[in-house]
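Hi,

Here is the structure I promised to pass on. Have a look at it first, and then read on for what turned up in it.

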Amino acid sequence: MKIGVHCSIRKGYKGVLYETKKLGCNCLQMFTHSPRIWKFSLPKKQEIEEFKFLRKKFNFSPLVIHVAYLPNPASSNKEIYYKTRDLLLLEFELTKLFSAEYLVMHPGSYSESSSLEEGIRNIVKSIDYCFKYIEDKFGDISFMLLLENVCGNGRKIGRTFEELSKIINLSKYKEHIGLCIDTAHAFSYGYDLRKEKIIVNIIDEIEKYIGIEKLKLIHLNDSKHELGSRIDRHYHIGKGNIGKDGFKLILKYFKKYPLILETPKEVGFDKISPKDKENVNFVKKILNLFS
Ligand SMILES: [Zn+2]
Ligand SMILES: [Zn+2]
């Protein structure tokens with residue numbers, strides 16, 4: 001079993017590793033910088049080396065890096081598109097430098113004057129540019145970009161696995177792109193994860209359009225809002241609208257994948273969340289039912 005929690009880098013990169021250990025986890029996810037700013041300075045080489053050394057010692061895998069909130073590679077607005085590409089380049093480069101296995105990204109929103117198809121073409125152009133940059137600079141890529149499904153409010157792209165497949169299939173770097181399922185997003189879009197039939201349909205949909213081997217990661221979150229609400233509010237596992245029985249079903253099918261929790265912390269920024277611990281233990285308890 002692989003379980004981890006998205007942790008903050010407020011106490012430095014190594015702080016994420018200590019927090020992961022304290023929570024009883026064995027894989028992890030983080031931002032490499034503040035997710036709400038466009039410009040940041042790259043971490044020092046020594047910081048990265050210390051992080052890598054300690055991760056190896058703790059034997060945590062995979063390391064998942066989440067792209068910040070601001071980039072929107074689907075945008076047809078030139079200013080946003082190029083600002084996004086510059087930031088994405090850094091995200092790709094840091095993923096490589098940290099030797100992370102995965103970089104997770106929400107595909108973005110197409111512009112009002114534009115179309116879904118154009119949004120998809122913009123995304124592909126942007127990520128292919130970043131992959132080429134990494135290939136030219138480092139000689140190899142060595143990580144996968146994972147596209148995450150979204151709850152589909154506004155003009156967000158990636159509501160269904162068929163939609164995500166269009167991005168993957170258009171890219172020249174297809175073999176380096178995979179999938180991350182966020183359970184809260186799937187549910188708030190309208191996939192009723194409380195029904196076994198629907199979970200099986202999701203797996204069939206992925207197999208049909210992309211290939212199930214492309215699925216690499218689960219963002220395990222309950223949803224505060226109801227099925228089809230298209231509101232993105234994560235909630236504690238088993239305490240939201242997906243509920244305990246829903247998670248039993250989800251884990252029956254997805255327990256072999258790394259599970260990353262992005263549930264509310266409900267504590268000050270400087271503290272380790274007791275809620276994280278509760279959520280991790282809750283998932284472990286369900287998993288024990290299956291072993
Ligand atoms: Zn997520
Ligand atoms: Zn979300």
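Before the numbers, one term: I call a residue buried if 20 or more other C-beta atoms lie within 10 Å of its own, with the C-beta atoms placed from the backbone. By that yardstick, buried residues account for 41% of the 291 residues in the protein. Do keep in mind that this is a predicted model.

On the overall build, you'll find nine helices and 10 strands. The radius of gyration is 18 Å, close to the 19 Å that the globule rule gives for 291 residues, so the protein is as compact as a globular protein of that length. Along the principal axes, the C-alpha atoms fill a box of roughly 50 × 45 × 35 Å. If you take the contacts with a separation of 6 or more, 74% of them are between residues 24 or more positions apart.

Now for the sheet. Eight strands make up an open sheet with parallel pairing, and the order is β1-β10-β7-β6-β5-β4-β3-β2. At the edges sit β1 and β2, each of which pairs on one side only. On average, neighbouring strands of this sheet are turned by 30° against each other, ignoring direction. As a general reminder, strands of a sheet pair through backbone hydrogen bonds, either parallel or antiparallel. To see one pair in detail, try β4 (residues 102-105) and β5 (residues 144-148): they run parallel and are joined by four bridges. Leucine 103 has leucine 145 in β5 as its bridge partner.

Next, helix α1 (residues 12-22). Its buried residues are Val16, Leu17, Glu19 and Thr20. Looking down the axis of α1, you'd see these buried residues fall within an arc of 165°, so they line one face of the helix. And what covers them? The cover includes both edge strands of the sheet, β1 (3-5) and β2 (28-30), along with helix α2 (45-58). Just after α1 comes glycine 24, which takes a positive phi of about 75°.

Last, a helix pair further along the chain. Helix α7 (residues 196-209) packs against helix α8 (residues 243-254) at an angle of about 35°, and their axes are 10 Å apart. The crossing of α7 past α8 is right-handed. If you want to find where the two meet, look for Glu196, Ile199 and Ile203 in α7, and for Leu249, Ile250 and Tyr253 in α8.

Cheers

Technical notes. Residues are numbered from 1 along each chain as its sequence is written. Chains are lettered from A and ligands numbered from 1 in the order in which they are written. This is a predicted model: local features need pLDDT of at least 70, side-chain atom pairs count only at pLDDT 80 or more; totals for chains, interfaces and linings use all residues. The radius of gyration is taken over C-alpha atoms; the globule rule is 2.2 Å times the number of residues to the power 0.38. A residue is buried if 20 or more other C-beta atoms lie within 10 Å of its own, exposed if 12 or fewer, and partly exposed in between; C-beta atoms are placed from the backbone. Two residues are in contact if their C-beta atoms, placed from the backbone, lie within 7 Å. The arc is that of the directions from the helix axis to the C-beta atoms. Two strands pair if DSSP finds at least two bridges between them. Axes are lines fitted to C-alpha atoms, for helices over the stretch in contact, and angles run from 0 to 180 degrees between N-to-C directions. A crossing is left-handed if the near helix is turned anticlockwise from the far one by less than a right angle, and right-handed if clockwise.
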